[in-house]
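Me: Could you take a close look at one part of this protein for me? I'd like to hear about the aromatic pairs and the strands that go with them.

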Amino acid sequence: MVDILHRVGIEAPVDEVYAALTTTEGLAGWWASDTRGTSDELGGLIEFRFGAGGFDMRVRALDPGKRVLWEVVGGPDEWIGTEVDWTLDQAGDYTVVLFAHRGWKEPVEFMHHCSTKWAVFLLSLKSLVETGKGAPDPYDVKIDNWN
């Protein structure tokens with residue numbers, strides 16, 4: 001198994017970052033404009049829809065101000081059964097986000113694409129929390145023909 005790993009510092013209190021990860025409004029503000037479902041309850045299902053397709057995530061862990069964990073239950077075959085894990089820590093004026101998309105079966109070309117796109121969207125999360133304006137799909141940076 002292989003993982004996508006990223007780290008980003010966001011100049012904001014941890015509670016603001018946590019809210020952007022656990023409310024449909026927050027998620028729609030930085031990842032997918034078309035976001036619906038239950039993002040703030042264990043077992044909730046979140047549906048993210050993009051121009052190129054979509055993902056369904058089951059909420060597996062919520063530790064306010066510390067951690068959010070989703071299991072991918074719908075989307076591309078490579079994503080099914082993987083986990084998206086957000087660990088948060090306050091460090092002075094910054095919230096440090098340790099991001100992991102875990103459980104890829106192999107490092108296929110699509111994983112490379114997704115790693116870059118996760119970085120794009122992590123910067124969108126940073127922008128949303130710090131400035132009030134993110135760049136969710138369809139306003140995100142397009143990196144190739146997969147978007």
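Reply: Happy to help; here is a walk through two stacked ring pairs and then the strands. Please keep in mind that this is a predicted model.

A search of the whole structure finds 20 aromatic pairs. One of them brings together Trp31 and Phe55: the ring centres are 5.9 Å apart and the planes meet at 10°, so this pair is stacked. Planes under 30 degrees apart count as stacked. The two residues come from distant parts of the chain, 24 residues apart, with Trp31 in the loop between α2 (24–30) and β2 (34–37) and Phe55 in strand β4 (residues 53–63). Trp31 and Phe55 are both buried.

A second pair to look at is Trp79 with Trp118, also stacked, with 5.9 Å from centre to centre and 25° between the planes. Here too distant parts of the chain are linked: Trp79 sits in the loop between β5 (67–74) and β6 (83–91), while Trp118 belongs to helix α3 (residues 109–131), 39 residues away. Both tryptophans, Trp79 and Trp118, are buried.

Now for the strands. Phe55 lies in β4, and β4 runs antiparallel to β5, joined to it by seven bridges. The two form a hairpin with three residues between them, and Gly65 in that turn has a positive phi of about 75°. Beside the turn, Asp63 has Arg67 of β5 as its bridge partner. On the next strand over, Arg67 is partnered by Thr87 in β6. β5 and β6 are antiparallel as well, with five bridges joining them, and the loop between these two strands is the one that holds Trp79.

Technical notes
Residues are numbered from 1 along each chain as its sequence is written. This is a predicted model: local features need pLDDT of at least 70, side-chain atom pairs count only at pLDDT 80 or more; totals for chains, interfaces and linings use all residues. Side-chain values use heavy atoms; hydrogens and water are left out. Rings of Phe, Tyr and Trp (its six-membered ring) pair if their centres lie within 6.5 Å; planes under 30 degrees apart count as stacked, over 60 as edge-to-face and the rest as tilted. Helices (H or I, at least four residues) and strands (E, at least two) are DSSP runs, numbered from the N terminus. Buried means under 20% relative accessible area, exposed over 50%, partly exposed in between (1.4 Å probe, protein chains only). Two strands pair if DSSP finds at least two bridges between them.
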